[in-house]
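Thanks for passing this one along. Here are my notes, as numbered points, to go with the model below.

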Amino acid sequence: MNNKVVFAFVFSLLSILALSAQNVSAASTADVSIPIGSGQPAQTCVITDSCYIPNPVIIDVDGTVTWTNNDSVIHTVTSGVPITPDGVFDSGIFSSGQTFSQSFSQVGSFDYFCQVHPWMTGVVTVQEIVVLDSDGDGYTTDGSGLGLDCDDSNPAINPSATEI
């Protein structure tokens with residue numbers, strides 16, 4: 001077989017593999033509904049955990065959650081636990097048909113509730129972006145999008161790390 005053909009094939013294959021190792025899940029968005037009847041005192045949403053739908057909501061770091069008030073009464077989306085806001089975010093009062101959006105730049109779990117109807121509670125879970133590593137032996141969560149492999153000892157990839 002011609003050496004130039006083999007070289008071209010190997011080069012093409014390595015280029016494709018390098019590009020695929022750089023795929024990063026994009027910062028995502030999520031929509032949360034405040035359904036009709038959530039503000040009623042004897043509502044069933046507490047029993048079925050559906051005062052906010054979905055609940056919990058899972059988003060990538062740097063993602064955004066948008067809440068829509070589909071109920072006929074006012075609500076809030078306030079971080080913390082009922083009667084104890086923690087100050088991370090607060091929609092203020094918003095009416096039927098209005099929305100509130102919040103971006104999340106830190107990984108973690110964020111409780112929230114409605115200050116007007118404190119039985120309405122929810123959770124936003126923010127997860128790290130996973131980047132496939134460059135040699136296929138594991139994952140890195142550096143979020144760089146460069147496919148850098150934090151556990152690779154190949155000096156061409158990461159000269160200061162050790163293979164695990």
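1. Ground rules before anything else. Two strands pair if DSSP finds at least two bridges between them. Strands are DSSP runs of E with at least two residues, helices are H or I runs of at least four, and both are numbered from the N terminus. This is a predicted model, where local features need pLDDT of at least 70 and side-chain atom pairs count only at pLDDT 80 or more, while totals for chains, interfaces and linings use all residues. Residues are numbered from 1 along each chain as its sequence is written, and side-chain values use heavy atoms, with hydrogens and water left out.

2. The overall picture. I get 2 helices and 10 strands, in the pattern α-β-α-β-β-β-β-β-β-β-β-β along the sequence. Of the 164 residues, 34% are buried (under 20% relative accessible area with a 1.4 Å probe, protein chains only; exposed is over 50%, partly exposed in between). Among contacts (heavy atoms within 4.5 Å) with a separation of 6 or more, 57% are between residues 24 or more positions apart. The exposed surface is about 9400 Å², with 60% of it from carbon and sulfur atoms (Shrake-Rupley method, 1.4 Å probe).

3. The five-stranded sheet. It is open, runs in the order 2-8-7-4-5 and has mixed pairing. Strand 2 and strand 5 are at the edges with a single partner strand each, so one side of each has no neighbour in the sheet. The average twist from one strand to the next is 40° (axes are lines fitted to C-alpha atoms, and angles run from 0 to 180 degrees between N-to-C directions). Strand 2 and strand 8 run parallel and are joined by 4 bridges; Ile59 has Val126 in strand 8 as its bridge partner.

4. The three-stranded sheet. This one is open too, with the order 1-3-6 and mixed pairing. Its edge strands are strand 1 (29–34) and strand 6 (99–104), each pairing on one side only. Here the twist averages 20° from one strand to the next. Strand 3 (residues 63–69) runs antiparallel to strand 6, with 6 bridges between them, and Trp67 stands opposite Phe100.

5. Aromatics around Trp67. Which residues form the aromatic cluster? They are Tyr52, Trp67, Phe89, Phe100, Phe104, Phe110 and Tyr112. There are 6 aromatic pairs, counting Phe, Tyr and Trp rings (six-membered ring for Trp) with centres within 6.5 Å; planes under 30 degrees apart are stacked, over 60 edge-to-face, the rest tilted. Trp67 and Phe89 have ring centres 5.9 Å apart and planes at 25°, so they are stacked. That pair links strand 3 to strand 5 (residues 84–90), 22 residues apart, and both rings belong to buried residues. Trp67 also stacks with Phe100, with centres 5.8 Å apart and planes at 25°, across 33 residues of chain. Trp67 has a relative accessible area of 0%, and Phe100, at 14%, counts as buried.

6. The nonpolar core. The largest one has 23 residues, and Tyr52, Val65, Trp67, Val77 and Val124 have the most contacts inside it (a core joins buried Ala, Val, Leu, Ile, Met, Phe, Trp, Tyr and Cys through side-chain atoms within 4.5 Å). Strands supplying at least two residues each include strand 2 (57–60), strand 7 (108–113) and strand 8 (121–127), while strand 1 gives the most, with 3 residues. Val65 is worth a click: leaving aside residues up to four places away in sequence, its contacts include Ala30, Val57, Ile59, Phe100 and Val124.
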